[in-house]
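Subject: Structure for you to look at

Dear colleague,

Here is the structure I promised to pass on, with the sequence alongside. Please open both before reading further, since my notes follow the chain from place to place.

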Amino acid sequence: QDKMMIKKAYFLNENQIILATLGNEIMVYNIDSKSWAYKKHIGTSVFSDFCINEDKNKLAATDESGIIHILNTQTGESIKEYSGENLDNIYQLAYFAGKVIGAGQDRRVCVYSSLSSYYVESSFLVYSVGLSQDGKWGAFADGEENDIKIFSTSTKSEKALLKGQKSTLTQIKFVEENYIISSSEDPEIMVWKWR
């Protein structure tokens with residue numbers, strides 16, 4: 001077996017693991033049969049991130065091109081591509097309720113759905129994003145002080161600005177609509193109640 005540069009992995013179910021390599025390949029491995037369900041190369045750029053939706057039937061994957069690929073998790077079949085809102089590398093994705101948001105090197109937070117697309121500008125590189133499970137609220141790392149800005153994905157309006165994170169954000173997760181957990185490059189994990 002060739003050695004692979006695995007960048008990220010998720011359990012799809014008890015028998016399947018979905019993996020992404022630095023070389024921008026998405027693969028599903030069947031544990032019971034010790035075989036690959038598929039291997040799908042999704043682009044020529046270096047892989048950045050992928051995430052799966054709440055039903056685990058679709059995944060969003062991105063790379064240094066700024067394009068987001070939506071794939072069927074069971075077959076690897078391409079469903080659609082989103083592009084145009086980011087000009088460069090997307091560091092991180094979140095995917096819920098048919099919406100995908102991305103954290104951009106170009107200081108943009110892209111928001112895509114089947115109905116619309118737009119971006120929200122930040123004053124600094126955006127390293128991390130989060131999305132509520134109903135898709136109504138987005139969050140992103142905003143500015144050099146590592147603040148977390150929460151906004152409405154339908155109106156684009158800012159709803160809260162959370163201050164106090166001490167170093168570069170690595171994860172923003174909505175536990176419930178009004179609770180967020182964030183982690184950064186320091187040892188602390190922070191829990192926020194934003195409304």
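In this predicted model, β9 and β10 form a hairpin with two residues between the strands, and A97, which sits in the turn, has a positive phi of about 50°. The two strands, β9 covering residues 90-96, are paired in the antiparallel sense over six bridges, and within this pairing F96 stands opposite K99 of β10.

On its other side in the pairing, β10 runs antiparallel to β11 and is joined to it by four bridges, with A103 placed opposite V109 in β11. These two strands also make a hairpin, here with three residues between them, and R107 is the residue in it that takes a positive phi near 70°.

How is β10 itself placed, given that both of its faces are covered? K99, I101 and A103 on one side are buried, and so are V100, G102 and G104 on the other. Because six of the six residues of β10 are buried, the strand is largely enclosed by the rest of the structure.

The backbone at R107 deserves a second look, together with that at N146. Most residues other than glycine have a negative phi. R107, which lies in the loop between β10 (99-104) and β11 (108-112), has a positive phi of about 70° although it is not a glycine. N146, in the loop between β14 and β15, likewise has a positive phi, near 65°, and is not a glycine either. As for their surroundings, R107 counts as partly exposed because its relative accessibility is 38%, whereas N146, at 14%, counts as buried.

Turning to the interior, nonpolar side chains in soluble globular proteins tend to be buried together. The largest nonpolar core in this model has 14 residues, of which A139, I148, I150, L162, I180 and W194 touch the most other members. The elements that each give two or more residues to this core are β14 (137-142), β15 (147-152), β16 (158-162), β17 (169-176) and β19 (189-193). If you would like one residue to start from, W194 touches W137, I150, K159, A160, L162, F174, E177, N178, Y179 and I180, leaving aside residues up to four places away in sequence. There is also a second, separate core of 13 residues, and I26, I42, F50 and L59 are among its members.

Nonpolar side chains are found at the surface as well, where V175, Y179, I181, I189 and V191 make a patch of about 450 Å². At least two residues of this patch come from β18 (179-184), and at least two come from β19. V175 has its place in strand β17 and counts as partly exposed, because its relative accessibility is 47%.

Which charged side chains meet in salt bridges? Side chains of opposite charge can pair when their charged atoms come close. The structure holds six salt bridges, and one of them joins the side chains of D147 and K163, at 3.0 Å from N to O. This pair links distant parts of the chain, as D147 is in strand β15 and K163 is in the loop between β16 and β17, 16 residues apart. D147 is buried, with a relative accessible area of 8%, while K163, at 55%, counts as exposed.

A further salt bridge is formed by K166 with E188, whose closest N and O atoms are 3.3 Å apart. K166 lies in the loop between β16 and β17 and E188 in the loop between β18 and β19, so the pair ties together parts that are 22 residues apart in sequence. K166 is exposed, with a relative accessible area of 59%, and E188, at 39%, counts as partly exposed.

R195 and E177 also meet through their side chains in a salt bridge, given as 2.0 Å from N to O. Here R195 is in the segment after β19 and E177 is in the loop between β17 and β18, so that distant parts of the chain, 18 residues apart, are linked. E177 is partly exposed, with a relative accessible area of 29%. Finally, D142, K149 and E158 are joined into one network by salt bridges that share partners.

With best regards

How values were computed. Residues are numbered from 1 along each chain as its sequence is written. This is a predicted model: local features need pLDDT of at least 70, side-chain atom pairs count only at pLDDT 80 or more; totals for chains, interfaces and linings use all residues. Side-chain values use heavy atoms; hydrogens and water are left out. A nonpolar core is a set of buried Ala, Val, Leu, Ile, Met, Phe, Trp, Tyr and Cys residues joined through side-chain atoms within 4.5 Å. Buried means under 20% relative accessible area, exposed over 50%, partly exposed in between (1.4 Å probe, protein chains only). Contact means heavy atoms within 4.5 Å. Patches are made of residues with over 30% relative accessible area and no salt bridge: like charges are joined within 9 Å, nonpolar side chains (Val, Leu, Ile, Met, Phe, Trp, Tyr) within 5 Å. Accessible areas come from the Shrake-Rupley method with a 1.4 Å probe; for residues, only the protein chains shown count as cover. A salt bridge is a side-chain nitrogen of Lys or Arg within 4 Å of a carboxyl oxygen of Asp or Glu. Two strands pair if DSSP finds at least two bridges between them.
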